Amino acid sequence: MPPEDSFDMVVIGSGPAGEKAAAQAAYFGKRVAVVERSASPGGAAVSSAGIPTKTLRETALYVTGFRRREVYGLRLTLDPDATLAQLRTRTAQVIETMTDAVRRNLERHAVQFVRGDARLGPDRTVRVTVDSGQERVLRGDAVLIATGSRPTRLPGVPFHDPNVDDSESAFEIDRPFGSVVVVGGGAVGCEYASIFTALGMEVTLVDSGGRLLPFLDGEISTLLAQAFSGMGMRLVLGGGRAAVTRDEEGLRVTLANGEEIRPDKVLFASGRAGNTEGLGLEEAGVQIDDRSRIVVDTRFETTAERIYAAGDVIGPPGLASVSMEQGRVAACYALGIPFKETVDPIPPFGVYSVPEAAMVGLTEEGAAAQGIAYEVGRGWFANNSRATIAGATDGLVKLIFRREDRKLLGVHILGDLAAELVHQGQAVLNYGGKIDHFIHSTFNVPTQSEAYKYAAYDGLQRLTAG
């Protein structure tokens, strides 16, 4: 094998896990190659999922003046085609910028980028079929699989219909439409449903479960549903599976109770599946589970020696932030780099809906299930000066803490800046702090962060009253 095709590590996939693993290894002087089947690096997080969806959200809120129209009594009349053009242009700009950022990061660390389809070969080789159809064989002292995930496509759903989308095709809006049914009450479904509602569309959100975002604290889930309803969204929860067909009148969504809805578009947001097909995993001795997720140990090593995996391809939580850390830790173990040994055991979750929801640590339900004697404190944005100024008074900061010593157990936030604000609580959780931290801290006024202090005071009052 030519020396130029031998590496300390070969990474398959350039999404969050693959990019950060490659950069981590190269930073410590290792020779690294990244194999990517797409023309551009970055994976779905940059090209078709996370960043595009969040960009669509911010652009929609800006061009519609969604929050400000309630505060200042403004009513904007927007041309649908002009609005669509703004959404598409801004999303494309951000995708290009972030893709370039990934590319520059790999180049800065002298990581070799190899375009093509990868398949594992014997003795930690990776066979790459390039555009010309020829094969290039790379060999690594270690191999990291970071091929990411794709939307789950349920059987029986007519995805061939141009108006039936999954969570990656949905952001590619090619023409204005007035109504949409979103199937799925998880993070992606809530994000898209609220974005479309902010754009003034008639939105119905359908989920077979009894509540939105079942991993969230129950109170936050309920309040988010109320916020959605207040925006004009229709929620159909706990009603069974929806069926989609097309007849001479157009799309028809039939609910389990027999009700029929005639939307312009249907979006299925029903989870994601790992990209494991075509990699030659079985021949290489890499085990997958019954959901096609690669099985790894605590060091992110697979059942094949010195072949590692990280990110969505190994399963939940499916967060870009966690995937990045998994990639870095896996690279350190694979190459004996004494730097990062663990992934943060208390990662934050953010849902970029309108309004946002975020959490870190235990929910009320989780604390109760563990038999912990807990209390809660709430700081409502309706009583917060900065939120009032901004017209963003939906939601709260909710603290869950242990009664005996006031140790913080969980932070749950609903509000426009929830995904940012949650990190303050995460820091206190990570060092095992108490809610007293927020009481003794001084917050700028006016800020939404100040809601932490009032949530802590509320918790103390509940302790005293109890």
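**Close-up views of a predicted model**

**Figure 1. Helix H12 and the residue that follows.** Just after H12, Gly-432 adopts a positive phi of about 70°. This and all other values in these legends come from a predicted model. Helix H12 itself comprises 13 residues, 418-430. From its first C-alpha to its last, H12 reaches 18 Å, which is close to the 18 Å expected at 1.5 Å a residue. A kink of about 25° is nevertheless present in H12, with its centre on Gln-424.

**Figure 2. The buried residues of H12 and their cover.** In H12, the buried residues are Ala-418, Ala-419, Leu-421, Val-422, Gly-425, Gln-426, Val-428 and Leu-429. The elements that cover them include two strands, E19 (356-361) and E22 (408-415), together with two helices, H13 (436-440) and H14 (451-465).

**Figure 3. A salt bridge within helix H5.** Side chains of opposite charge can pair when their charged atoms come close. Here the side chains of Asp-100 and Arg-103 form a salt bridge with an N to O distance of 2.7 Å. The two residues are separated by about one helical turn because they lie three residues apart in helix H5 (residues 80-108). Asp-100 is partly exposed, its relative accessible area being 27%. Arg-103 is likewise partly exposed, at 28%.

**Figure 4. A salt bridge between adjoining buried residues.** A search of the whole structure yields 29 salt bridges. One of them joins the side chains of Glu-19 and Lys-20, at 3.3 Å from N to O. Glu-19 and Lys-20 are both buried.

**Figure 5. The salt bridge of Lys-398 and Asp-217, and its network.** The closest N and O atoms of Lys-398 and Asp-217 are 2.7 Å apart, and the two residues form a salt bridge. This pair links distant parts of the chain, 181 residues apart. Lys-398 belongs to strand E21 (residues 396-402), whereas Asp-217 lies in the loop between strand E10 (202-207) and helix H7 (218-231). Both Lys-398 and Asp-217 are buried. Through salt bridges with shared partners, Asp-217 and Lys-398 are joined with Glu-219, Glu-364 and Arg-378 in one network.

**Figure 6. The largest nonpolar core and the surroundings of Ile-145.** In soluble globular proteins, nonpolar side chains tend to be buried together. The largest nonpolar core in this model has 47 residues. Those touching the most other members are Met-9, Leu-120, Val-126, Leu-138, Leu-144, Ile-145 and Ile-294. Helix H9 (residues 320-335) gives the most to this core, contributing six residues. With neighbours within four places in sequence set aside, Ile-145 is in contact with Ile-12, Leu-120, Leu-279, Leu-281, Ile-294, Ile-307, Tyr-308, Ala-309, Ala-310 and Val-313.

**Figure 7. A second nonpolar core.** Separate from the largest core, a second core contains 35 residues. Among them are Tyr-192, Leu-205, Phe-228 and Leu-267.

**Figure 8. Strand E9 and its pairing with E10.** Strand E9 (residues 179-183) is mostly covered, with five of its five residues buried. The cover extends to both faces of E9: Ser-179, Val-181 and Val-183 are buried on one side, and Val-180 and Val-182 on the other. E9 pairs with E10 in the parallel sense over five bridges. Ser-179 has Glu-202 as its bridge partner in E10.

Note on methods: Residues numbered from 1 in each chain as written. Predicted model: local features only at pLDDT ≥ 70, side-chain atom pairs only at ≥ 80, totals over all residues. Heavy atoms only, no water. Salt bridge = Lys/Arg side-chain N within 4 Å of Asp/Glu carboxyl O. Buried < 20%, exposed > 50% of the residue type's maximum accessible area, 1.4 Å probe, protein only. Helix = DSSP H or I, 4+ residues; strand = E, 2+ residues; numbered from the N terminus. Expected span 1.5 Å × (residues − 1). Bend = angle between axes of the 7 residues up to and from the residue. Contact = heavy atoms within 4.5 Å. Core = buried A, V, L, I, M, F, W, Y, C linked by side-chain atoms within 4.5 Å. Pairing = 2+ DSSP bridges.
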